[in-house]
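Here are some exercises to work through with the model open beside you. Try each task before you read its solution.

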Amino acid sequence: MDALCKFNKINDVTKVKQGSEIKIPQDSSESKKNVTNNNPQKKDSNKTDKKFMDFTLPLKGDVKPFITSHFRGIIIFSDAASSVLSMSEGEISFAENVNGYGKTIIIKNKEGFIFTYSGFTNLYVKKGEKIDKNTVIGLSGQLSRYSRNGALVSIQYKDKYLKFDMEKMRFYI
């Protein structure tokens, strides 16, 4: 993430807005997108397609990209104390306060995806607990950086953050 910010000369990620041009220092050719199941698959093996994931957003609201040196994902601005749902089944590997991000939950699923949710006012799960997809894991809280309610969400797979397509409203690899 630091390399991406440095490559784009981004000093303050909070100033990055929807529609901002961000250069990726690798092949980033865009072609038709494909929504599949949780296992990434290409639509056409002759093309470099985005591999979309079938993870439903954890709450309703206004979605914006959110990128810092420690976090790459989305921010979902929502109504106060909205229920936040798990995007996948899995085990809670972390459920504590994180300085600068608030109450945070990390879920690892059997396919190796790691889901991070931050900005809760209340947590409804504990470390070590196994949960199903769409389980209410907590309530969205006020995001101090924005003075608005919502939650931060990211997904990692094989030590890389998944990207988010604002048009399709889906994470992809």
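**Exercise 1.** Which residue forms a salt bridge with Glu-91, and how far apart are the closest N and O atoms?

*Solution.* Before starting, note that this is a predicted model, in which local features need pLDDT of at least 70 and side-chain atom pairs count only at pLDDT 80 or more, while totals for chains, interfaces and linings use all residues. Residues are numbered from 1 along each chain as its sequence is written, and side-chain values use heavy atoms, with hydrogens and water left out.

Step 1: apply the criterion, a side-chain nitrogen of Lys or Arg within 4 Å of a carboxyl oxygen of Asp or Glu. The partner of Glu-91 is Lys-130, with 3.3 Å between the closest N and O atoms.

Step 2: place the two residues, taking strands (E, at least two residues) as DSSP runs numbered from the N terminus. Glu-91 belongs to strand β6 (residues 90-98) and Lys-130 to strand β9 (residues 130-131), so the bridge ties together parts that are 39 residues apart in sequence.

Step 3: check accessibility, where buried means under 20% relative accessible area, exposed over 50% and partly exposed in between (1.4 Å probe, protein chains only). Glu-91 is partly exposed at 35%, and Lys-130 is exposed at 66%.

**Exercise 2.** How many salt bridges does the rule give? Take Lys-50 and Arg-170 as cases to work through.

*Solution.* Step 1: the count is four.

Step 2: Lys-50 pairs with Asp-165, with the closest N and O atoms 2.9 Å apart. Since Lys-50 sits in the loop between β1 (34-35) and β2 (51-52) and Asp-165 in strand β13 (residues 163-165), this pair ties together parts 115 residues apart in sequence. Both Lys-50 and Asp-165 are buried.

Step 3: Arg-170 meets Asp-54 at 3.9 Å, N to O. Arg-170 is in strand β14 (residues 170-172) and Asp-54 in the loop between β2 and β3 (62-67), so parts 116 residues apart in sequence are tied together. Arg-170 is partly exposed at 21% relative accessibility, and Asp-54 is partly exposed at 30%.

**Exercise 3.** Which residues form one aromatic cluster with Phe-77?

*Solution.* Step 1: pair the rings of Phe, Tyr and Trp (its six-membered ring) if their centres lie within 6.5 Å, calling planes under 30 degrees apart stacked, over 60 edge-to-face and the rest tilted. This gives ten aromatic pairs.

Step 2: one of them is Phe-66 with Phe-71, edge-to-face at 5.7 Å centre to centre and 70° between the planes. Phe-66 and Phe-71 are both buried.

Step 3: Phe-77 and Tyr-146 are also edge-to-face, at 5.4 Å and 80°. Phe-77 is in strand β4 (residues 72-77) and Tyr-146 in the loop between β10 (136-143) and β11 (148-157), 69 residues apart.

Step 4: the cluster joins Phe-77 with Phe-66, Phe-71, Tyr-101 and Tyr-146.

**Exercise 4.** Which residues have the most contacts inside the largest nonpolar core?

*Solution.* Step 1: collect buried Ala, Val, Leu, Ile, Met, Phe, Trp, Tyr and Cys residues joined through side-chain atoms within 4.5 Å. The largest such core has 25 residues, and Tyr-117 and Ile-137 have the most contacts inside it.

Step 2: the elements giving two or more residues to this core are β4, β7 (102-108), β8 (113-123) and β11.

Step 3: a second, separate core has seven residues, including Phe-71, Ile-75, Phe-77 and Tyr-101.

Notes
Helix = DSSP H or I, 4+ residues; strand = E, 2+ residues; numbered from the N terminus.
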